[in-house]
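Reader: Hey, got a minute to walk me through this one? I'd like to talk ligand surroundings and charged pairs.
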Amino acid sequence: MSADSSTSKETVNPTVDGSELIRFDKVTKRFGSHVVLDELDFSVASGKHVTLIGPSGSGKTTILRLLMTLMKPEEGTIKVGGEYLTHETKNGKLVPASEKYTREVRKNIGMVFQQFNLFPNMKVLRNITEAPVQVLGLSKDEAEQRARELLELVGLTEHIDKYPSQLSGGQQQRVAIARALAMRPQVLLLDEVTSALDPELVAGVLDVLRDIAHTTDITMLCVTHEMNFARDISDQVLMFDSGRVIEAGTPEKIFTEPEHERTREFLSAVL
Ligand SMILES: Nc1ncnc2c1ncn2[C@@H]1O[C@H](COP(=O)(O)OP(=O)(O)OP(=O)(O)O)[C@@H](O)[C@H]1O
Ligand SMILES: [Mg+2]
């Protein structure tokens, strides 16, 4: 629970109902003079599935990378589960978070990348057990039990003893999904996880993700060009442009009657 009782001025914020799990508050991210995120405000309620759409370069990956603490915002704050991600309070003051603090908060967040990023020198089983053992302190047996359940979920039980290089891209991506879930994260970040796959392998990965979306209470923040998938799993779609959310709504609303001209243009180019 949040111990924060700040009464800072509310900003326009496409909040979905329910308890808030992720909150971006006036987050600005710059690369040199290039402002990628411009005082971005948005929040995601616990258990919801939110899809980020928007033109290339609009900052979607940057948002996920900030949440994974792979980079830091220049201004503003990010909270996950009521805890600041890149700041901590010391003597009533907000200061940049220590590495140790950040590592703790990050345990709640899992990410799957476009390029799988499996450990090439480890077999499938160990790819999945490594972080639960090293980071969460699970015993090898507990971690293997968890890994076997997850491999069943993603349909890869028979590949448990293979190296990533012995698997197809779709199979590798399903291992990467199992690996992320093995940490039992509250939040799963998915960044175009099917765009590096051969077309015939996309459906299998999306089916696994649909299954996770429909059968678990994991909060999902997803960047995808698969609009049918986004429509199936999303509670809310956020349209980004020029570093801000310019439109937010249910998939029905955004995909069938978008209000913003930029959203209409974008969708007519990708649908
Ligand atoms: N490490 C970096 N250094 C400098 N500029 C960066 C860096 N990372 C991202 N950018 C810039 O920030 C902007 C947003 O990038 P980001 O990857 O978040 O876009 P995106 O919405 O994910 O785009 P795409 O749909 O093409 O994946 C781009 O203009 C990009 O060039
Ligand atoms: Mg991207």
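Author: Sure. One term before we start: partly exposed means a relative accessible area between the buried class, under 20%, and the exposed class, over 50%. R148 is partly exposed by that rule, because its relative accessible area is 42%. Keep in mind that this is a predicted model.

Reader: Ok, and which residue does R148 form a salt bridge with?
Author: With E144; the closest N and O atoms are 3.8 Å apart. The two sit 4 residues apart in helix α4 (residues 140-153), so about one helical turn separates them.

Reader: Is E144 buried or exposed?
Author: E144 counts as buried, at 18% relative accessibility.

Reader: How many salt bridges does the structure hold?
Author: There are 15. Another one of them pairs E265 with R262, with 2.7 Å between the closest N and O atoms. Both lie in helix α9 (residues 261-270), 3 residues apart. Salt bridges with shared partners also link K140, E144 and R148 into one network.

Reader: Switching to ligand 1: which polar contacts should I look at?
Author: An oxygen atom of the ligand is 2.8 Å from a polar side-chain atom of K60. For T61, a side-chain N or O atom is 2.9 Å from a ligand oxygen, and a polar backbone atom of G59 is 3.0 Å from one. The protein buries 60% of the 630 Å² that ligand 1 exposes when taken alone.

Reader: And which element gives the most to the shell around ligand 1?
Author: That's α1, with 3 residues. The shell residues divide into 3 nonpolar, 7 polar and 2 charged.

Terms used:
Residues are numbered from 1 along each chain as its sequence is written. Chains are lettered from A and ligands numbered from 1 in the order in which they are written. This is a predicted model: local features need pLDDT of at least 70, side-chain atom pairs count only at pLDDT 80 or more; totals for chains, interfaces and linings use all residues. Side-chain values use heavy atoms; hydrogens and water are left out. A polar contact is a pair of N or O atoms within 3.5 Å; within protein, one must be able to donate a hydrogen and the other to accept it, and residues adjacent in sequence count only if both atoms are side-chain atoms. Accessible areas come from the Shrake-Rupley method with a 1.4 Å probe; for residues, only the protein chains shown count as cover. Ala, Val, Leu, Ile, Met, Phe, Trp, Tyr, Cys and Pro count as nonpolar, Asp, Glu, Lys and Arg as charged, and the others, Gly among them, as polar. A salt bridge is a side-chain nitrogen of Lys or Arg within 4 Å of a carboxyl oxygen of Asp or Glu. Buried means under 20% relative accessible area, exposed over 50%, partly exposed in between (1.4 Å probe, protein chains only).
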